[in-house]
Every structure is written in structure tokens, then in C-alpha cells.
Amino acid sequence: YLETRAEQGFNAMIVSLIGSEANGGPSDDGATYDGVAPFVEGDILDWNPDYWQRVHDYLELAASRGVTAFLYPIDGWTIGNAFSPDSEGSCGEFGARVAEYFADLPNIVWVMGGDYFPATDDLAEGSDVDHCMDNALRGIRSTGDIRPFSMQLGYDKSISTENPFWAARVDWN
């Protein structure tokens, strides 16, 4: 797949680390097509090594073909389903772990959201999900990772810097 896409001139792809039916995955538990789950018993800090090694291998293959991965550690389709943190702190620990695990790959641009509609009356204050994703971003940054970051908000209008919670946090729209 990656070889064909590179030959066709594609140089970027969107990748959600955790799958769900809504983002193209085979199920809402985050498992791969052959049943490999990302987490042990749903604990976002207890990683299934087989799953994460497979993700790393695919991202490494993409890098070797000059393909950039717009990588979603958390997206709006998986949070509360396959990605169910027990605290905002665990979101930060998850972000740090993701950044460390993929630190050797030069082809990553960070993105979160994924058609994400914040469920809050005060966009500047942010929702619980905003706070989780922000803590994940802080975790990524705590490792020294400076790769660009953005937020994909819900359609019809998805300009990251127009959301007051995310405006100062994103590097690009």
C-alpha cells in the first residue's frame, strides 16, 4: 500500500493511533483487523507491545518512502471508547509515552481532534476532552518533542486558531 501510494506521488497520510469504526477502523475497541488491541484491558498506560510495534513498523515504512504521517494520538472518534483515560494526568502520561515511542521517526506531524466538536458552553475554558488532549500535548512537549501540532475541529468550519482554547496551542491551521 505505502509503496503504491508513494509511486502515485502521495507524500502524506492521516493516521489515527487508535482505531474506531467512525475513523475507518474495524471496530470501536481500537483493535486491528486481526484483533490486536492497543491496550491491555483498556488501560491506556498498559500497552500491548504487538500493537505498538506494528504501528511503529508501518510509520517507519512510510518514512522510508518519504511519506509524512499526520499522526493523531487521540481523536474525537476514539475518546470515551477505545481511549478511555481515568484522569487528565493519564492523558499527559500517554502523550509523553507516544512521543518517546515514536521519537526516532522523522516523518511525524502531531494532530488531535478528528472532526472534533467540543462539548462545552465556554470554548475558551474548554471541555473535559479538550483538557485531556491538551494534557496529551503537554506530555508530548515534556519529552522535548517540538514537531508541529494542530487540532482538527468539526466541520463546517475547522480553523484551529478560531477556537479560543486551542488558538495559542497550535502551530498551524
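**Exercise 1: The open sheet**

Work out in which order the four strands of the open sheet lie, and which strands sit at its edges.

*Solution.* Keep in mind that this is a predicted model.

Step 1. Follow the sheet from one side to the other: its four strands come in the order 1-4-5-6, and their pairing is parallel.

Step 2. Look for strands that pair on one side only: these are strand 1 (12-16) and strand 6, the edge strands.

Step 3. Now check how the sheet turns. From one strand to the next, the twist averages 30 degrees.

Step 4. Zoom in on strand 4 and strand 5 (residues 108-116), which run parallel and are joined by three bridges. Here you can find Leu71 opposite Trp110 of strand 5.

Step 5. Add the helix that packs on the sheet. Helix 4 touches strand 5 and strand 6, and its direction makes about 175 degrees with that of strand 5.

**Exercise 2: The whole chain**

List the helices and strands in order, then decide whether the radius of gyration agrees with that of a compact globule.

*Solution.*

Step 1. Count the elements: there are four helices and six strands in the protein chain.

Step 2. Read them from the N terminus, and you get α-β-β-β-α-β-α-β-α-β.

Step 3. Compare the radii. A compact globule with 173 residues would have a radius of gyration near 16 Å, and the protein chain has 15 Å, so the two agree.

Step 4. Picture the outline: along the principal axes, the C-alpha atoms fill a box of roughly 45 × 35 × 30 Å.

Step 5. Turn to the inside and the surface. Of the 173 residues, 44% count as buried. The accessible surface comes to about 8700 Å², and carbon and sulfur atoms account for 49% of that.

Step 6. Finish with the contacts. Taking those between residues at least 6 apart in sequence, 68% join residues at least 24 apart.

**Exercise 3: A hairpin and positive phi angles**

Describe the hairpin of strand 2 and strand 3, and find the residue in it that takes a positive phi.

*Solution.*

Step 1. Locate the two strands: strand 2 (residues 39-40) and strand 3 (residues 43-47) pair in the antiparallel sense over two bridges. Phe39 stands opposite Trp47 in strand 3.

Step 2. Look between the strands, where the hairpin has two residues; Glu41 takes a positive phi near 55 degrees.

Step 3. Recall the usual case. Most residues other than glycine have a negative phi. Glu41 is not a glycine, yet its phi is positive.

Step 4. Ask how open the position is. Exposed means over 50% relative accessible area, and Glu41 has 84%, so it is exposed.

Step 5. Try another case: Asp115 is also not a glycine, and its phi is near 55 degrees, a positive value. Asp115 belongs to strand 5. With 26% relative accessibility, Asp115 counts as partly exposed.

**Exercise 4: Salt bridges**

Trace three of the salt bridges: the pairs Glu3 and Arg65, Asp134 and Arg138, and Asp171 and Arg141. For each pair, say where the partners lie in the chain.

*Solution.*

Step 1. Begin with the total: the structure holds seven salt bridges.

Step 2. Take Glu3 and Arg65, whose side chains meet at 2.8 Å, N to O. This pair links distant parts of the chain, 62 residues apart: Glu3 is in helix 1 (residues 2-7), and Arg65 is in the loop between helix 2 (49-64) and strand 4 (68-72). Glu3 is partly exposed at 38% relative accessibility, and Arg65 is partly exposed at 30%.

Step 3. Move to Asp134 and Arg138, which form a salt bridge of 2.9 Å, N to O. Both residues lie in helix 4 (residues 128-142), four residues apart, about one turn of the helix. Buried means under 20% relative accessible area, and Asp134 has 5%, so Asp134 counts as buried.

Step 4. Continue with Asp171 and Arg141, whose salt bridge is 3.1 Å, N to O. The partners are 30 residues apart, with Asp171 in the segment after strand 6 (149-153) and Arg141 in helix 4. Asp171 is partly exposed with 49% relative accessible area, and Arg141 is partly exposed with 29%.

Step 5. Extend the picture: salt bridges that share partners join Arg141, Asp145, Arg147 and Asp171 into one network.

Note on methods: Residues numbered from 1 in each chain as written. Predicted model: local features only at pLDDT ≥ 70, side-chain atom pairs only at ≥ 80, totals over all residues. Heavy atoms only, no water. Salt bridge = Lys/Arg side-chain N within 4 Å of Asp/Glu carboxyl O. Buried < 20%, exposed > 50% of the residue type's maximum accessible area, 1.4 Å probe, protein only. Pairing = 2+ DSSP bridges. Axes fitted to C-alpha atoms, helices over the stretch in contact; angles between N-to-C directions. Contact = heavy atoms within 4.5 Å. Rg over C-alpha atoms; globule rule 2.2 N^0.38 Å. Areas by Shrake-Rupley, 256 points an atom, 1.4 Å probe, with all protein chains shown as cover.
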